[in-house]
Structure formats: C-alpha cells, structure tokens
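Please load the model in a viewer and keep the selection panel at hand. The stops below are meant to be followed in order.

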Amino acid sequence: MSKWQSERSIHEMLKDTPPIRESSDSITSGTEAKFPTSRSMPFPPAYAPPDVSQNGGAGTSTLLRAGSTKLDAIRNWGVSTYKCTKQILYEKLGKSSRTVDTELEAQIEMLRETQRKYNGVLRLAAALTAQLGAAAHTQRALGEAFAELAQKSPELQNQFLYNADTQRTLTRNGETLLAALHFFNNSLNTLTNKTIEDTLLTIRQYEAARVEYDAYRSELEGSGGNPPELLLANIERHRRHYERLRDDSAVKLKLLHENRVKVMNKQLLLFHNAVSAYFSGNNVALEAAVRHFNIHPPPPAPAPCPPAPALSAALASAPAPAPSPATAPASASAPAPAASLDAPRTA
C-alpha cells in the first residue's frame, strides 16, 4: 500500500466518525469536561457566607467593652502607682505628712526585730544540730572500730569492748538529743517563717493601704477648697480600707504574741532539759525529757560485732586475767570458753 493510499484511508476514517459537537460525553485535551446533569439533582448554588450583620455588632460591642475595661484597670493601676510612689518620695523628703498609729507602729517594729533574732537563733541551733550529728556519726564509727579490734586483739579484748560499749551508749544518747533538736528547729522554723510571716503579710497590706490613703489625702489638701466628688469618694473608700487593715493587724499581733509565748515556753524547756541531760551524761533524764514532749527518737542501729554470746562470755571472763594479763595462766584461760562451747558439739 502506498503512502498516498494510507493517508487517504485515514481521512476516510475520520470522515466516518461523528463530529466532536455531536458527542456530549467525550473529553478533549485542553477543553472543559462536560458531565451529564440531572433535573432532580441540580448543581448547588455558589457558596455565600452567613449573614453576620446582626451578631457582628453584638460581638464587636462585647470586645470593645472588654478592651475598655482592661484599659480602665491599667489606667487606674498606673494612676494609683504614680500617686503612691510620689507620696513615699515626699515622705522621705519631708514634704508630706503621714498617718501614724504610734502604738501599732511600735508593735510592728518589735515584731520585726523578734523575727530577726529568732532567725539568728534558728541558724545557730541548726549549726549545733549539724555538729552534734557529725559527732554522733564519728562515735558510731569509733565504736565499730573498737569492736572490730576486740576480735583481732585477744590481749586487749576487754579494753576494746569497754570502749566500744561506751561509744555505742554515747551514740544512742546523741541520736536522742538530735531528735529533740530537730523538733526544736522545726517548731522554731514554723513560728518564724510561717506564723510570724503570715502576720507580717497583713502588716504589709496595712502599710500599702496607709500609703494609698495618705496619697489621696495629700491630693485633697493640694486641691484647695473645691475638691471633686470623685476624689472625695476615693478618699472615703481608701480610709475604710486602711482602718479595716489596721484593726486586722492589731488583732493578729495580739494573737501572735500569745501563741509565740506558749510555743517558745515549751520549746525552750525541751532544749534546756535535753542539752543539760546529754552533756551531764544522764541518759535517764534525757529519755524522760524526750518522752514528755512525745518525741520518738530513731531506733538504735544494731551492733555489727561482736555477737551477744561472745560479748557476754568475754565480760564474764574479765575478772580472771586481771592480776597478770601477760602470764601463761591468763593465755590458757582464753581458749577455755571455746573448749566448753565445742564440748556439746562433740557429744
């Protein structure tokens, strides 16, 4: 078949195909696709945003009110801060007067001085507790070293055992004293940094209210004889706030004084009895002082060595070698308990 015949047959085939416009389902590259539509399911209309003309005004007004409220709060805070700072500066420079309650101010100053002194006592008591704790740890280690040497030195066994028992007793007494001192420190810390601090918080609020009241009062004095109504209302409001906090501070100071005397009386009695009994070597009085205040000392640590039977046997045989500990009979008497202990096993 020649080239001309092939091209002609292709043209004839194209003539037999229906035109593109007659086929509604065909898709041609570069043209829009046409999809069959149905009368029962029409295309949805174009998207339109909801009408917010009515709700939009309410939302805008709410946002505006919230914004204006925040702005008013910030403005009032700034004005109040400026007036209070100005009042404090003028008081320090002597250009403005201040409202003073002489009796209450003296009580507040005494309370702050008491807190400073109690903090000093608390630091010293904590340092003493740490030092005694280190001493008790050293005595415990020394007792263990004596007990270990008693097993390895038969010629000095009795002396090492006596010293080990002494150090263990001192360690137990030291732990009892440490329990009393920890109780004293915790009670003093609660009184100084919680109870007194709570009263001082109310006092700081009272002092801030006093500064605000004096700031508006100074503004009233500088306004002349025709003050605005808003200034008079602010002065009355701050005066009532100041008087209420002044009464609260006076009541809290009175209650704090009664509580402080009661707590310190108990804690100072405990400190005196425990420390004096410990350093005098009166362990009975020390334990009685601790039990009186319902303090539970930690249980004593068990002795690692020597065992109880060996210790009692060594103490029982102590009077025998006393005349001449280096002679032969003394050395012969040392293995005697071992022979008596081995006899039941052989039987």
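Begin by selecting Leu270, Asn273, Ala274, Ala277 and Tyr278 in helix H5, together with Ala285, Leu286 and Ala289 in helix H6; these two groups of residues meet each other in this predicted model. By class, the residues of this contact comprise 7 nonpolar, 1 polar and no charged.

Next, display the whole of H5, residues 229–279, and of H6, residues 283–292. Their axes come within 8 Å and cross at roughly 160 degrees. Because that angle is over 145 degrees, H5 counts as roughly antiparallel to H6. The crossing of H5 and H6 is left-handed.

Keep H6 in view and add helix H4, residues 157–222. How do the axes of H4 and H6 cross? They come within 10 Å of each other, at an angle of roughly 30 degrees. This angle is under 35 degrees, and H4 is therefore roughly parallel to H6. The crossing of H4 and H6 is left-handed.

To see the residues involved, select Asn173, Thr176, Leu177 and Ala180 in H4, which meet Asn283, Leu286 and Val290 in H6. The contact of H4 with H6 divides into 4 nonpolar, 3 polar and no charged residues.

Now select H6 alone and colour its residues by accessibility. Which residues of H6 are buried? They are Leu286, Ala289 and Val290. These residues cover an arc of only 95 degrees around the axis, so they lie on the same side of H6. The buried residues of H6 pack against H4 and H5. Rotate the view to the face of H6 turned away from this buried side: the exposed residues Val284, Arg291 and His292 are found there.

Continue just past the end of H6 and select asparagine 294, where the backbone takes a positive phi of about 55 degrees.

For the last stop, return to H4 and select threonine 192, which lies in this helix. Is threonine 192 buried or exposed? Its relative accessibility is 0%, and it therefore counts as buried. Expand the selection to the residues that threonine 192 touches: Gln115, Tyr118, Asn119 and Glu197, leaving aside residues up to four places away in sequence.

As a final view, show H4, H5 and H6 together, with Leu286 highlighted. Leu286 is among the H6 residues that meet H5, and Leu286 is also one of those that meet H4.

Note on methods: Residues are numbered from 1 along each chain as its sequence is written. This is a predicted model: local features need pLDDT of at least 70, side-chain atom pairs count only at pLDDT 80 or more; totals for chains, interfaces and linings use all residues. Side-chain values use heavy atoms; hydrogens and water are left out. Axes are lines fitted to C-alpha atoms, for helices over the stretch in contact, and angles run from 0 to 180 degrees between N-to-C directions. Helices (H or I, at least four residues) and strands (E, at least two) are DSSP runs, numbered from the N terminus. Angles under 35 degrees count as roughly parallel, over 145 as roughly antiparallel, 65 to 115 as roughly perpendicular and the rest as oblique. A crossing is left-handed if the near helix is turned anticlockwise from the far one by less than a right angle, and right-handed if clockwise. Contact means heavy atoms within 4.5 Å. Ala, Val, Leu, Ile, Met, Phe, Trp, Tyr, Cys and Pro count as nonpolar, Asp, Glu, Lys and Arg as charged, and the others, Gly among them, as polar. Buried means under 20% relative accessible area, exposed over 50%, partly exposed in between (1.4 Å probe, protein chains only). The arc is that of the directions from the helix axis to the C-beta atoms.
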